[in-house]
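Please walk me through this structure step by step. I am new to it and would like to know what to look at.

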Amino acid sequence: MSSFLQNLAWLAKPPADFRSRCGQITADPVQGYSTIRSLATTALDTNQLLRLAKTIHRYRQAGQSDDKSTPFRLAYVSNGTPDLILGALTGTAPRYGLALECIASNYDQPVQDILNPDSLVHHFNADALLIALDWRALPIAANLGGSTNDAVNRLLDYIQVILEGVRDNDKATCIVQTFPPPAERILGSYDRVLPGSPLNVLGRFNLALDDMVQRVGGVLLDVAALAESVGLVNWHSSSAWNLAKFQFSEAFVPLYADYVCRTIAAMRGKSRRCLVLDLDNTLWGGVIGDDGLAGIQIAQGDATGEAFLDFQRYLLSLRKAGVVLAVSSKNNDQTARLPFRQHPEMLLREEHFAVFQANWNDKPSNLMAISQQLSLGLESIVFVDDNPFERELVRRTLPQVAVPEMPEDPALYALTLSSAGYFESISFSPEDSKRADFYQGNARRAALQLQVTDIESYLESLQMEIWFQPFEETGRKRITQLINKSNQFNLTTRRYTEAEVASFEASPDFFTMQVRLKDAFGDNGMISAVICRANSGLEWVIDTWLMSCRVLGRRVENMVLREILAHASERGIRYVRGLYLPTDRNSLVEHHYPNLGFSHVASHADGSTEWLLPVEGANVLPAPMVVHSESLAAQ
Amino acid sequence: MKDRIEAGLTEIFRDVFEDDTLVVHRDLTARQVEGWDSLTHVRLLLTAERKFGVRISAAEAGQLKRVGDLLDLLHAKIEKSPRRYGSNFSV
């Protein structure tokens, strides 16, 4: 099965005319980016990734830009040869909607590069440094029988020096790799407990590394787990190291690049959030409309039935982790619901799905309807269907949707989804585990909205309660997460680290506000954050204003503005200035400030605009909700 | 057989050097191909290993002077492992 991972089996095969398509991109830059992206979503090998990377470079040199993608600058700090890796990363990035620019440290002195404030790495102005060292770079002298604790502490000190070097010389986030142990054993199984053996030391070191990285607000890339998945004897290649200082076997470069890119995508809030599932031969064996309740395969005691049960179990665990589930099936509605209602062994039930679409429309139309009903963009959706025709149709019409190649054998369904890494996360908060419920509540709210024609009585029926509070320690993690992940309702898309967020809390020049919302359908959790900076004694500039799209259309933003104005007034502020900095994702809020009654004061060449609102006399329409406001005195 | 290996090598060379007009022959050497440096040399060998399902040791790699040497080496290795030849070698 290591070839399953090595070949990125969940991705479609590259087109036979891959080379000539690369050539066309340079020749026809207008269609270029969509071609780049569609090629990048296929299972390219290392040579093909390098060719695509060169094509992307030429495309950029021709003055074209990947304007639909998120720019990211990565410095690759490694003790191995970087050449293949950098190209593979550049070629993989469009798969995740990223426009990646990367440089590498000097491979023979990665640590010196970090500690030297004048090194190329620090002048690059990276968004993140990927600390891609392997065990060969560690001070790990074989000391069999010696103290494992001492050895682990020595390694931790070493990494600490590196992380501090980054903190002192750079604003970048650190992505730190765990360390796969070498494949060779000394005394065999006993190595696991043999003090001072590489397996023993690195095993404990990886665990401790996890804590250390969390503490400094870094991001962990678990290369040790990746290497274990493919097998250490496959991952490592002494000859590749001896010949060319490749850290691991060249065969896994595409897989490694995918892991790095999915992690970066998660850092930028671009992980997928919703899984739309077909029913027949996807959630059970057979066709419910033909085979009937007794004929479909979904039960213990039958190998195929058990495989589908395993898949359902896996889907439920994804749902608990915050992935929203939905159904899109070509079926009569009542027939499609039958197994969920009446089959005793089904694990999935109707209540687990936010949207249930069983009809005879084509799947792309259904996917668009699901996207609208959940207020989730198509780029948040994964579509799972056993039917190659449906998969290809969705790929062609809705390229933003991720569509994994599904294996013939349902026993591999869960592994396929898991390997594809659609739901990569860099953190997990209690709010995440409730997310599927939030969206389900949303779909019910949408259904209610259809019944209630008058918007005011609809908003009243929601029985909303809102909480305003300055930033503080317990909310800080979630605030930082929102600041770094919100793309759509985000006026400035300025990203801040947890440390920066903490500094705003303490500074007298900043006014901060976190917002929570509850309604008749449940607790929405923290849904908005605002940072105002005092421009003078008389004016606040709204540096950051973002909101979760789950609560759109309820005039929550009006209530937030009213709260800002109340605090501003209390502090003698006369004007509030709003900025809109356009990105490819935030056109939703282009008219946010004029809609709230701000006056236009400036437009800039980069498309950004500035808006002003006098504090006294501002008239902002409230929404029906109970307001809990932590007074200014508490800040 | 050697013809098929040679055709397979041509594909590999075109991939690695991004030149779709390149045709390999026995007497081709690094000096005659633009971009044939130590890194692309290793890439050629690794891609060939994967394509033909064989392993090339560092010692063997060090003795290759021209494409003909690589061709002979691959041929000898493929002859020795006919089963792998069947499953991995598709030109």
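**Two sheets and an interface**

Begin in chain A of this predicted model. Four of its strands form an open sheet, in the order β8-β7-β6-β9, and their pairing is parallel. The edges belong to β8 (355-359) and β9 (381-384) of chain A. Each has a single partner strand, so one side of each is left without a neighbour in the sheet. From one strand to the next, the twist averages 15°.

Now look at one pair in this sheet. Strand β7 of chain A covers residues 324-330. It runs parallel to β8(A), and five bridges link the two. One position to find is Ser328(A), which stands opposite Gln357(A) in β8(A).

Chain A holds another open sheet, this one of five strands. Its order is β2-β1-β3-β4-β5, again with parallel pairing. Here β2 (98-104) and β5 (219-221) of chain A stand at the edges. Each of these pairs with a single strand, so one side of each has no neighbour in the sheet. Neighbouring strands are turned by 25° against each other on average, direction ignored.

Follow this sheet through β1 of chain A, residues 70-78. Is this strand buried or exposed? Seven of its nine residues are buried, so β1(A) is largely enclosed by the rest of the structure. Seven bridges pair β1(A) with β2(A) in the parallel sense. Among the residues involved, Phe72(A) has Leu100(A) in β2(A) as its bridge partner.

Then turn to β4 of chain A, residues 173-177. Three bridges join β4(A) to β5(A), and the two strands run parallel. Gln177(A) finds its bridge partner in β5(A): the residue is Leu221(A). As a general point on such elements, side chains in a regular strand alternate between the two faces of the sheet.

Step back to the whole of chain A. It is divided into domain 1 (70-267), domain 2 (274-420) and domain 3 (463-634). How far apart are the centres of domain 1 and domain 3 of chain A? Taken over C-alpha atoms, 38 Å separate them.

Next comes chain B. Its secondary structure consists of five helices and zero strands. Read from the N terminus, the elements run α-α-α-α-α. Chain B has 91 residues, and 24% of them are buried. Many of its contacts join distant parts of the sequence. Of those with a separation of 6 or more, 64% are between residues 24 or more positions apart.

How confident is the predictor in chain B? The mean pLDDT is 85, and 89% of the residues reach 70 or more. Residues 84-91 of chain B are another matter, with pLDDT below 50. This stretch still has 12 contacts in the model beyond near neighbours in sequence. Where pLDDT is low, the predicted coordinates should not be read in detail.

Finally, see where the chains meet. In chain A, 12 residues are in contact with 12 residues of chain B. Which elements of chain A give two or more residues to this side? They are α4 (46-61) and α12 (238-244) of chain A. The most come from α12(A), with five residues. By class, this side of chain A has four nonpolar, three polar and five charged residues. For the complex, the predictor gives an ipTM of 0.82 and a pTM of 0.77.

Note on methods: Residues are numbered from 1 along each chain as its sequence is written. Chains are lettered from A and ligands numbered from 1 in the order in which they are written. This is a predicted model: local features need pLDDT of at least 70, side-chain atom pairs count only at pLDDT 80 or more; totals for chains, interfaces and linings use all residues. Two residues are in contact if their C-beta atoms, placed from the backbone, lie within 7 Å. Ala, Val, Leu, Ile, Met, Phe, Trp, Tyr, Cys and Pro count as nonpolar, Asp, Glu, Lys and Arg as charged, and the others, Gly among them, as polar. A residue is buried if 20 or more other C-beta atoms lie within 10 Å of its own, exposed if 12 or fewer, and partly exposed in between; C-beta atoms are placed from the backbone. pLDDT is the predictor's confidence in each residue, from 0 to 100. Two strands pair if DSSP finds at least two bridges between them. Axes are lines fitted to C-alpha atoms, for helices over the stretch in contact, and angles run from 0 to 180 degrees between N-to-C directions. Domain bounds come from an automatic or database domain assignment.
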